[in-house]
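I opened the model to take notes on charge, fold, aromatic rings and a few backbone oddities. The entries follow in the order I looked things up.

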Amino acid sequence: MTSRVRLYVATSIDGFIADADGGVDWLEPYQPASYGYREFMQEVGAVVIGRRTFEQIVTFGDRWPYAEKRTIIVASQSLRALPPNGTAVSGGIAAAVKAARDQSSRDVWVVGGAVTMRSAIDAGLVDLIDIFIVPVLLGRGIPLLGSLHVPRTLDLDGITTFQDGVVKLRYNVATK
């Protein structure tokens with residue numbers, strides 16, 4: 001089986017992945033372990049992350065959360081420091097996904113942010129989307145994807161509901 005390129009993302013009911021300041025504190029009551037995050041991470045061998053999201057994650061604490069995975073950072077400018085197992089790629093999302101696949105035979109997770117995820121979808125690189133709808137209305141913030149340049153058809157592959165009101169939708173991205 002070839003590796004898949006995946007999105008695994010939480011969004012508010014009104015479609016935001018972060019508040020207006022880029023914060024994700026609204027997700028704190030919703031612990032990833034409750035939604036199969038460990039099992040998901042066992043399938044992932046590499047993560048692709050945008051520079052801004054990388055810089056935000058660095059501010060969260062001392063430990064890099066993806067230290068056990070190859071990390072490819074999409075960056076058009078040099079970075080001060082790289083995380084463990086990290087590489088910066090300046091050739092855009094396609095080059096980053098290729099680098100991730102070259103470094104791992106397992107799935108590639110396009111972590112984000114919104115621009116990186118949108119670029120991966122627009123480039124036709126994404127195979128599978130797991131989207132967690134969190135029962136929060138933010139009113140404004142950073143939208144999940146913004147405006148796609150290329151419409152994509154999705155095939156529903158499952159719905160999972162959780163006691164706390166979170167709903168997981170799984171979609172395969174239809175091939176052209």
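Charges. I began with the charged side chains and counted 18 positive and 18 negative ones in the protein. The centres of the two sets lie 7 Å apart. I note here that the model is predicted.

Overall fold. I then listed the secondary structure, which comes to four helices and ten strands. Reading along the sequence, I wrote down the pattern β-β-α-β-α-β-β-α-β-α-β-β-β-β. For contacts between residues with a separation of 6 or more, I found that 70% join residues 24 or more positions apart.

Size and surface. I looked up the extent of the C-alpha trace, which spans about 40 × 40 × 30 Å along its principal axes. The radius of gyration is 15 Å, and a compact globule of 176 residues would have one near 16 Å, so the value agrees with a compact globule. Of the 176 residues, 43% count as buried. I put the accessible surface at about 9600 Å², with 51% of it belonging to carbon and sulfur atoms.

Aromatic rings. I counted twelve aromatic pairs. One of them is Tyr-37 with Phe-40: the ring centres are 6.4 Å apart and the planes stand at 40°. I call this pair tilted because its angle falls between the limits of 30 degrees for stacked and 60 for edge-to-face. Tyr-37 and Phe-40 sit three residues apart in helix H1 (residues 37–43), and so are separated by about one helical turn. Are the two partners buried or exposed? Tyr-37 is partly exposed, with a relative accessible area of 21%, whereas Phe-40 counts as buried at 4% relative accessibility. Buried means under 20%, so Tyr-37 at 21% misses that class. I also traced one aromatic cluster formed by Tyr-8, Tyr-35, Tyr-37, Phe-40, Phe-54, Trp-64, Tyr-66, Trp-109, Phe-132 and Phe-162.

Helix H4 and its surroundings. Gly-113 lies in the loop between strand E6 (107–112) and H4. I checked omega from Gly-112 to Gly-113 and found the peptide bond cis, near 10°. In H4 itself (residues 114–122), seven of the nine residues are buried, so the helix is largely enclosed by the rest of the structure. I noted the buried ones as Ala-114, Thr-116, Met-117, Arg-118, Ala-120, Ile-121 and Asp-122. The list includes the charged side chains of Arg-118 and Asp-122. After H4 comes Gly-124, with a positive phi near 75°.

Asp-130. I picked this residue in strand E7 (residues 128–134). Asp-130 has 0% relative accessibility and therefore counts as buried. What is Asp-130 in contact with, leaving aside its neighbours within four places in sequence? I listed Arg-6, Leu-7, Tyr-8 and Val-9, and also Lys-168, Leu-169 and Arg-170. Tyr-8 has already appeared in these notes as a member of the aromatic cluster.

Asn-85. My last check was on phi at a residue other than glycine. Asn-85 has a positive phi of about 60°. I placed Asn-85 in the loop between strand E4 (70–74) and strand E5 (86–89). Its relative accessible area is 35%, so I entered Asn-85 as partly exposed.

Methods: Residues are numbered from 1 along each chain as its sequence is written. This is a predicted model: local features need pLDDT of at least 70, side-chain atom pairs count only at pLDDT 80 or more; totals for chains, interfaces and linings use all residues. Side-chain values use heavy atoms; hydrogens and water are left out. Helices (H or I, at least four residues) and strands (E, at least two) are DSSP runs, numbered from the N terminus. The radius of gyration is taken over C-alpha atoms; the globule rule is 2.2 Å times the number of residues to the power 0.38. Buried means under 20% relative accessible area, exposed over 50%, partly exposed in between (1.4 Å probe, protein chains only). Contact means heavy atoms within 4.5 Å. Accessible areas come from the Shrake-Rupley method with a 1.4 Å probe; for residues, only the protein chains shown count as cover. The place of a charge is taken as NZ of Lys, CZ of Arg, CG of Asp or CD of Glu. Rings of Phe, Tyr and Trp (its six-membered ring) pair if their centres lie within 6.5 Å; planes under 30 degrees apart count as stacked, over 60 as edge-to-face and the rest as tilted.
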